[in-house]
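Welcome to this tour! Open your viewer, keep the selection tool at hand, and let's walk through the model stop by stop.

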Amino acid sequence: MSMLNTITLKQPITRGKKTIEKVTLREPRAGELRGLEILAIARMDVNSLRILLPRISELTINEVDQLHPADLTKFGNELTVFLAG
């Protein structure tokens, strides 16, 4: 069973008329890590997070690009927890 963690955004994202204030991350599976280096994810490499986050959350890549740096860091921290197991 996959772990889920919900992140409350410092700066909400607008999708049409909807405001996204919280995003739930699902623990990635091996297939969702394809093409990525686990160490790059653990280092919170922005390009790696940009690819992975849409695979394990409701966010699109364009919405990931809109994230406040503090929110991107929160996601990176949660991914590090997932990878540490």
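Which residues in α2 meet which residues in α4? Keep that question in mind while you get your bearings; a selection a little later will settle it.

**Stop 1: the whole chain**

Start with everything shown as a cartoon. What you have on screen is a predicted model. Trace the chain from the N terminus and you will pass the elements in the order β-β-α-α-α-α, that is, two strands and four helices. The radius of gyration is 12 Å, close to the 12 Å that the globule rule gives for 85 residues, so the chain is as compact as a globular protein of that length. Rotate the view along the principal axes, and the C-alpha trace spans about 35 × 25 × 20 Å.

Now switch on the surface. Its accessible area comes to about 5,200 Å², and carbon and sulfur atoms make up 54% of that. Of the 85 residues, 36% count as buried. Contacts also link distant parts of the sequence: among those with a separation of 6 or more, 57% are between residues 24 or more positions apart.

**Stop 2: two helices that cross**

Select residues 46-56, which form helix α2, and residues 69-84, which form helix α4. Their axes come within 11 Å and cross at roughly 75 degrees. That makes α2 roughly perpendicular to α4, because angles from 65 to 115 degrees count that way.

Now for the opening question. Show the side chains of Val-46, Leu-49, Leu-52, Leu-53 and Ile-56 in α2: they meet Leu-72, Phe-75, Gly-76 and Leu-79 in α4. By class, this contact has eight nonpolar residues, one polar residue and no charged ones.

**Stop 3: Leu-53**

Stay in helix α2 and pick Leu-53. Is Leu-53 buried or exposed? Its relative accessibility is 0%, so Leu-53 counts as buried. Leaving out residues up to four places away in sequence, Leu-53 touches Leu-25, Val-64, Leu-67, Leu-72, Phe-75 and Leu-79. For a distance to try in the viewer, draw a line from the C-alpha of Leu-53 to that of Arg-15: the two are 38 residues apart along the chain and separated by 16 Å.

**Stop 4: Leu-4**

Next, select strand β1, residues 4-15, and click on Leu-4. Leu-4 has a relative accessible area of 55%, which means it is exposed, the cut-off being over 50%. Beyond its neighbours within four places in sequence, Leu-4 is in contact with Thr-24, Leu-25 and Arg-26. Ser-57 is 53 residues away from Leu-4 in sequence, yet their C-alpha atoms are 9.8 Å apart.

**Stop 5: two loop residues**

Move to the loop between β2 (18-26) and α1, and find Glu-32. Where does its relative accessible area of 12% put Glu-32? Buried means under 20%, so Glu-32 is buried. Not counting residues up to four places away in sequence, Glu-32 touches Arg-26, Glu-27, Leu-52, Arg-55 and Ile-56.

Finish in the loop between α1 (38-42) and α2, where Met-44 lies. Its phi is near 60 degrees, a positive value in a residue other than glycine. With 27% relative accessibility, Met-44 counts as partly exposed.

How values were computed: Residues numbered from 1 in each chain as written. Predicted model: local features only at pLDDT ≥ 70, side-chain atom pairs only at ≥ 80, totals over all residues. Heavy atoms only, no water. Axes fitted to C-alpha atoms, helices over the stretch in contact; angles between N-to-C directions. Parallel < 35°, antiparallel > 145°, perpendicular 65-115°, else oblique. Contact = heavy atoms within 4.5 Å. Nonpolar A, V, L, I, M, F, W, Y, C, P; charged D, E, K, R; others polar. Rg over C-alpha atoms; globule rule 2.2 N^0.38 Å. Buried < 20%, exposed > 50% of the residue type's maximum accessible area, 1.4 Å probe, protein only. Areas by Shrake-Rupley, 256 points an atom, 1.4 Å probe, with all protein chains shown as cover.
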